[in-house]
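Please read this note with the model open beside it. The points are numbered for ease of reference.

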Amino acid sequence: MNSLTTCISAALMLAPLAAPLPVHASDCTRTSTGFTPLNEFATGEKYLSLYEGGLYPGNQNELPPSHLIRGLTEAKTIKPRAANGTVSANGRIILMSIGMSNTTQEWCAATSITQPCGATSFMAQAAELDTINFNQVTLIDGAKASQVSTQWDQPTDANYDRIRDTILTPQGLSEAQVQGVWVKVANAGPTVRLPSAGADAFAFKVHLGNIARALRVRYPNLRLMFLSNRIYAGYASSTLNPEPYAYESGFGVKWAIQAQLTQAAGGGIDAQSGDLSPSVAPHLSWGPNLWGDGMTPRADGMIWECSDFSSDGTHPAVTGRGKVGQLLVNFFAASPLCAEWYRAAPPPRGDIDNNGIVNAVDLSLLLSAWQSSEPLADIDDSGVVDGADLTIVLSDWTG
């Protein structure tokens, strides 16, 4: 009997003596929390009578015009790049996930880069589409199970070397080609809820600021950082990340983005999120909003059923992954920040705001930048906004 067989036999003999692993079952009775989805707050409504809703300030769910313009300006610099980071027609644009177990399950759900993604995941759904610019865009799953927020918040964190050495390099890719990221992270085992000054939602806001800066250090050409909140956790049977903490993570996302908006408007650096200026951080905005109140339908009809979750009520099952995957597909297809580089058929050149039509808004944007070097309105990349750019807008005019 060889040593391996001996070890196996011994393990089997001892197995009955070992304590059984705890088995958690979802609490399927908790079909609602009564919380309002962040994007469905009524005018004047506030969570805990303190915190306004909306994905963006002022209970708004669309990118504020100034932040949209900054995002579009950043998006215009996203180009195919060679491994050394130089713009190249034969280069790649990497859009990558960053985060934890839920994130990797929803983005790809494969255990290695040699395996196909799970059928309902975002990457699997996206692979079936002919509307994505796969001639230049590469989707990468950088997320990994059990990797909480603080394992992404410094550029020296092991996760970044892992992505470089085990995912990018084996595929002939590099950190210099990462230009967009979807970030869905969380703090494990939260215990302090709002409105406490020590609430996990406030700590989460701090972590997101640190993550934004760490990402820019590791990925110098990163321009866009899309953030999402957690899915419903009312069915959770463990303390990993139950309600109300999954819900309150949305406020952490909202506040981190708001900190960048405030800083850009001259309001100073946020004490919690830190410096989020373009020189040290990518443009922050919402990705898909994922939280819904269990079986209470959102305005778009989405519900979270107990069967959408694994036995712990926290991680998504196949159907839950499919719901997030579809939300991601829809988001990237519709986002004006992704129109020029992600879509197989980019918008008309004169569509400066990438909303699908060329109208007075685009003309206004062009005229407000007249004779400047504003890259967003410099459609022909001549270095100055002039009559040539105006001709493009007028020739593409749809009204």
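The points below concern the nonpolar core and several helices.

1. This is a predicted model, in which local features need pLDDT of at least 70 and side-chain atom pairs count only at pLDDT 80 or more, while totals for chains, interfaces and linings use all residues. Residues are numbered from 1 along each chain as its sequence is written, and side-chain values use heavy atoms, with hydrogens and water left out.

2. The largest nonpolar core (buried Ala, Val, Leu, Ile, Met, Phe, Trp, Tyr and Cys residues joined through side-chain atoms within 4.5 Å) has 96 residues. Buried means under 20% relative accessible area with a 1.4 Å probe, protein chains only. Trp 107 and Phe 332 are among the residues with the most contacts inside this core.

3. Beyond its neighbours within four places in sequence, Trp 107 is in contact (heavy atoms within 4.5 Å) with residues including Phe 122, Trp 182, Leu 328 and Phe 332.

4. Helix α8 (a DSSP run of H or I, at least four residues, numbered from the N terminus) covers residues 318-334. Its buried residues include Leu 328 and Phe 332. At 1.5 Å times one less than its number of residues, its 17 residues should span 24 Å, and its end C-alpha atoms are 24 Å apart, which agrees.

5. Helix α7 (residues 245-264) should span 28 Å, and its end C-alpha atoms are 29 Å apart, which agrees. In α7, 17 of the 20 residues are buried. Just after α7, Gly 266 takes a positive phi of about 90 degrees.

Note on methods
Buried < 20%, exposed > 50% of the residue type's maximum accessible area, 1.4 Å probe, protein only. Helix = DSSP H or I, 4+ residues; strand = E, 2+ residues; numbered from the N terminus.
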